[in-house]
Amino acid sequence: MNEDYDLIVIGAGMAGVAAANKCGAAGWRVAIVDALPYGGTCALRGCDPKKILRRGAEIIDAVRLMQGKGIDPGDLSINWADLMAHKRGFTDPVPDKMEKGLSGNGVETLHGAARFTGDNTLEVDGTTYQSERFLVAAGAMPRPLGFTGANLVIDSTDFLDLEALPERVLFIGGGFVSFEFAHIAARAGAKPIVVDRGARPLGGFDPDLVEMLIDRSAGIGVELIRETEIVSVAEASGVFTVEVKSGDQVRTIETDLVVHGAGRVAALADLSLEAAGVDYSDKGIVVAPHLQSTTNSAVYAAGDSADTDGMPLTPVAVIEGKVAASNMLKNAQTAPDYAGIPTAVFTVPEVARVGMLENEARDAGHDVDVRFTDTRDWYSNYRIGETSAAGKILVDRSSGKILGAHLFGPEYGELINFFGLAIKLGLTAKQLQSMTAAYPSVGSDLGSLL
């Protein structure tokens, strides 16, 4: 058995690295372990590489919107291989940079599959380590699919490593992954289909704005099939036959690729948490508000590994990683602050939200002033040729405070941050409206949205 550590972190994504660096810099003896390259989903297999690919889609879309307005698209197209090489220019150096940063803070970097063997012991590829504390930040994995042929489906990691993009792509599920990748694929010349078992995709976003996004998606060739389940997937000679069921009707769709976009679960199954007496579910480890396991005081959890009120977002994971580290260092019980954290679906254009949905605000008893504005004719959208954009701001009539903000349009993924700050600081709509922005900029639209 190796000598004792003050902390062992499981998972070298953003939450785990943030916590390990904080505790290592404080002088603790810290180790971090991951079976995958250091960097986690966001930097290597998710947010960052996805948005690099999105840049290609942005360029194509921008040129098409300006057709007949002074720009001739000509034979402009995405070179998928070159775009992928550009993505790798960012992702390839990440693991080494992460390890060097950790080592600089005195953190020992381990590689291999970790599993608990007791309350305070961990085994990594046959070697046992002992620690006073553990932070589980192992991230999430694609939700297991139960239909025949599920093994033929690729996940988001595989999509982000495709050497060539096939002509037809079917996405399972109506969430972030499916819509974002479908928008990229459509601008790259593919014909995407999104199959969603529910009546309304992107359930965490404002339904009116989602419908606008669906219409915009249809205009670029993204087909959405609602209230439909996947029955089976089969493959022959490189062609996939997907059997789907809508009500009592069963039919087949032929495609060249099937991509899993039907949600994720906490990646905890292989950690043998039972051996450490740690209670958990698909939503993560059961933790107190200050992120300590309710059944093993030596274990903390953060990010997708923790069952908290925080959204499954990288910034939330970083916040939880830092809060967990601070609680361990100070023997404190501080809970993370989740107020005013925005989220966005980076389609082209994007849909974003922060705070409450309209029904959530009403259910909470607020007297809600709903300020909906169609912004497609506003200068900032006219300038670039965009024909679909809107905002919905929710204000409490009695206090004037902003309860929620919902935006759909170009650069609104940046604009939403102002509303997030306002919610976090408890600003009123009038206070936010008093801001004078640079003009003409998308930020200068904020006052008129209010």
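The axes of helix α3 (residues 47-65) and helix α7 come within 9 Å and cross at roughly 50°. This geometry belongs to a predicted model. Because angles under 35 degrees count as roughly parallel and those from 65 to 115 as roughly perpendicular, α3 and α7 are classed as oblique to each other. The crossing in which α3 passes α7 is left-handed.

**The contact of α3 with α7**

On the α3 side, the residues that meet α7 are K50, L53, R54, A57, I60, D61 and R64. Their counterparts in α7 are E180, F181, H183, I184 and R187. By character, the residues of this contact divide into six charged, five nonpolar and one polar.

**The annotated binding site**

Helix α7 also holds V177, a residue that leads to a further feature of the chain. An unreviewed UniProt entry carries the annotation "binding site" for G173, G174, G175, F176, V177, S178, F179, E180 and G263. These residues are spread over 91 residues of sequence, yet they cluster in space, with a largest C-alpha distance of 13.5 Å. E180, one of the annotated residues, is also among the α7 residues that meet α3.

G263, another of the annotated residues, is found in the loop between β14 (258-260) and β15 (264-266). Leaving aside neighbours within four places in sequence, G263 is in contact with M141, P142 and R143. V177, with residues up to four places away in sequence not counted, touches S156, H260 and G261.

**The loop after α7**

A188 is found in the loop between α7 (176-187) and β9 (191-195). Not counting residues up to four places away in sequence, A188 touches I78, W80 and L165. A188 and G56 are 132 residues apart along the chain, and their C-alpha atoms are separated by 7.9 Å. G56 lies within the residue range given for α3, 47-65.

**Accessibility of three residues**

The table sets out the relative accessibility of A188, V177 and G263.

| Residue | Relative accessibility | Class |
|---|---|---|
| A188 | 24% | partly exposed |
| V177 | 23% | partly exposed |
| G263 | 35% | partly exposed |

Buried means under 20% relative accessible area and exposed means over 50%, so values in between count as partly exposed. At 24%, A188 therefore counts as partly exposed. V177 is placed in that class by its 23%, and G263 by its 35%.

Technical notes: Residues are numbered from 1 along each chain as its sequence is written. This is a predicted model: local features need pLDDT of at least 70, side-chain atom pairs count only at pLDDT 80 or more; totals for chains, interfaces and linings use all residues. Side-chain values use heavy atoms; hydrogens and water are left out. Helices (H or I, at least four residues) and strands (E, at least two) are DSSP runs, numbered from the N terminus. Buried means under 20% relative accessible area, exposed over 50%, partly exposed in between (1.4 Å probe, protein chains only). Contact means heavy atoms within 4.5 Å. Axes are lines fitted to C-alpha atoms, for helices over the stretch in contact, and angles run from 0 to 180 degrees between N-to-C directions. Angles under 35 degrees count as roughly parallel, over 145 as roughly antiparallel, 65 to 115 as roughly perpendicular and the rest as oblique. A crossing is left-handed if the near helix is turned anticlockwise from the far one by less than a right angle, and right-handed if clockwise. Ala, Val, Leu, Ile, Met, Phe, Trp, Tyr, Cys and Pro count as nonpolar, Asp, Glu, Lys and Arg as charged, and the others, Gly among them, as polar. UniProt positions are given in the numbering used here, feature names are shortened, and annotations may be inferred rather than shown by experiment.
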